[in-house]
Number of protein chains: 2
Amino acid sequence: MHSTINEDLRAAGHRLTRTRRAVLDVLERTKYPLSASELYQRLQRNKVSIDLVTVYRTLTVLRDIGLVAQIELHQEGQARFEIQHGREHHHHIRCQTCGKIADLLLCPLKKITAFIEKETKFIVNEHTLEFSGLCPKCQ
Amino acid sequence: MHSTINEDLRAAGHRLTRTRRAVLDVLERTKYPLSASELYQRLQRNKVSIDLVTVYRTLTVLRDIGLVAQIELHQEGQARFEIQHGREHHHHIRCQTCGKIADLLLCPLKKITAFIEKETKFIVNEHTLEFSGLCPKCQ
DNA sequence: TCTCTAATTGCAAGTCTATTGCAATTACCA
DNA sequence: TGGTAATTGCAATAGACTTGCAATTAGAGA
Ligand SMILES: [Mn+2]
Ligand SMILES: [Mn+2]
Ligand SMILES: [Zn+2]
Ligand SMILES: [Zn+2]
């Protein structure tokens with residue numbers, strides 16, 4: 001766990017507690033974004049006893065300071081979270097049959113963002129981009 | 001209201017009822033995607049008495065046969081719906097301050113979709129793309 | 001090390017969006 | 001003009017997420 005994580009938390013008036021360490025730890029070791037309840041289940045399996053409410057609150061803090069990214073996939077009905085810290089901005093693809101989520105280590109939106117700002121006079125701060133379809137196994 | 005709407009419904013074993021007509025009517029006249037409860041409120045204002053549950057069920061039917069598009073904007077916590085029938089596929093931008101939603105009458109993802117299919121071996125069926133930022137008034 | 005305060009946490013309850021069960025109503029076709 | 005399947009309303013339920021509050025804990029400063 002990088003030392004700047006502690007600093008980032010402190011800078012926002014937060015502490016790096018055992019709970020937050022455990023949440024970051026699970027997210028660091030998982031290769032796809034987890035929902036709050038999935039994260040909760042993994043913590044329990046690891047014999048880390050943290051209330052689901054605390055998982056939600058922890059994710060909110062980590063997201064607000066930018067250590068974690070919140071991802072909402074189409075029609076999933078629940079948010080997912082993955083480590084942002086030290087990783088490149090990227091997007092995802094999800095299988096409509098089995099639910100598998102894979103990273104797309106790219107972002108094709110630089111030029112189109114500039115174009116949209118020019119056309120709409122909005123200032124663009126964020127975007128969401130997700131693909132869905134059938135994974136190799138489910139075709 | 002186009003005649004093929006009735007045909008599309010019938011083909012899926014549904015009827016074009018007064019209720020569905022009213023829902024489509026409101027959506028046709030609105031320039032941005034509406035949530036179920038916003039739609040419900042507008043129906044009431046128009047003296048059309050339809051239960052909120054029926055609004056949800058109607059939107060599900062219309063979405064499933066492709067007459068209506070379901071849109072989920074980042075962190076909004078509720079789905080929105082807009083007319084798809086007879087309109088071009090497009091995307092949206094939302095103001096983080098006032099919530100204003102504007103159409104982006106474009107889709108920049110043809111090439112990148114082909115690239116992703118080649119790289120991941122997924123078959124891509126859908127994508128979501130939304131931008132957010134500050135509208136001209138809120139800057 | 002001790003103390004004090006603010007941050008953190010757990011538990012219970014609440015909120016909000018959306019769904020489901022079921023009986024009553026309605027549309028449509030034979 | 002029935003008969004039947006689709007539609008609708010109302011009540012209850014589900015599920016994700018949030019809030020209130022009191023108890024606990026972290027850690028800065030004495
Ligand atoms: Mn990822
Ligand atoms: Mn639109
Ligand atoms: Zn991107
Ligand atoms: Zn598109």
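Two strands count as paired if DSSP finds at least two bridges between them, and strands themselves are DSSP runs of E with at least two residues, numbered from the N terminus. I'm keeping that at the top of the page for the strand entries.

**Ground rules.** I'm working on a predicted model, where local features need pLDDT of at least 70, side-chain atom pairs count only at pLDDT 80 or more, and totals for chains, interfaces and linings use all residues. Residues are numbered from 1 along each chain as its sequence is written, chains are lettered from A and ligands numbered from 1 in the order in which they are written, and side-chain values use heavy atoms, with hydrogens and water left out.

**Strands.** I looked up β6 (residues 123–134) of chain A and found it paired with β6 (residues 123–134) of chain B, antiparallel, over 11 bridges. Across that pairing, Val124(B) in β6(B) sits opposite Gly133(A). Within chain B, β6(B) also runs parallel to β4(B), joined to it by four bridges. There I noted Ile93(B), whose bridge partner in β6(B) is Phe131(B).

**Zinc, ligand 4.** I went for the donors next (N, O and S atoms within 2.8 Å of the metal, or 3.2 Å for Na, K and Ca; water is not among the atoms, so sites may look incomplete). The protein donors are His89(B), His91(B) and His127(B), each through NE2, plus Cys107(B) through SG, at 1.9 to 2.3 Å from the zinc ion. The angles among the four donor atoms are 99 to 119°, which makes the site tetrahedral (four donors, all angles between 85 and 135 degrees). I wrote the sequence spacing down as H-x1-H-x15-C-x19-H. His89(B) is in the loop between β3 (80–83) and β4 (91–95) of chain B, and Cys107(B), 18 residues apart from it, is in the loop between β5 (101–104) and α5 (110–120).

**DNA strand C.** I counted a residue as near if one of its heavy atoms lies within 4 Å of the strand. There are 20 residues around strand C, and Arg15(A), Thr19(A), Arg20(A), Thr54(A) and Arg57(A) come nearest. Sugar and phosphate make up 70% of the strand C atoms that come within 4 Å of the protein.

For polar contacts I took N or O pairs within 3.5 Å; within protein, one must be able to donate a hydrogen and the other to accept it, and residues adjacent in sequence count only if both are side-chain atoms. Thr17(A) has a polar side-chain atom 2.8 Å from a phosphate oxygen of strand C, and for Thr19(A) the distance to a phosphate oxygen is 2.9 Å. Arg15(B) places a polar side-chain atom 3.5 Å from a base nitrogen.

How values were computed: Tetrahedral: all angles 85-135°; square planar, octahedral: opposite > 155°, others 65-115°.
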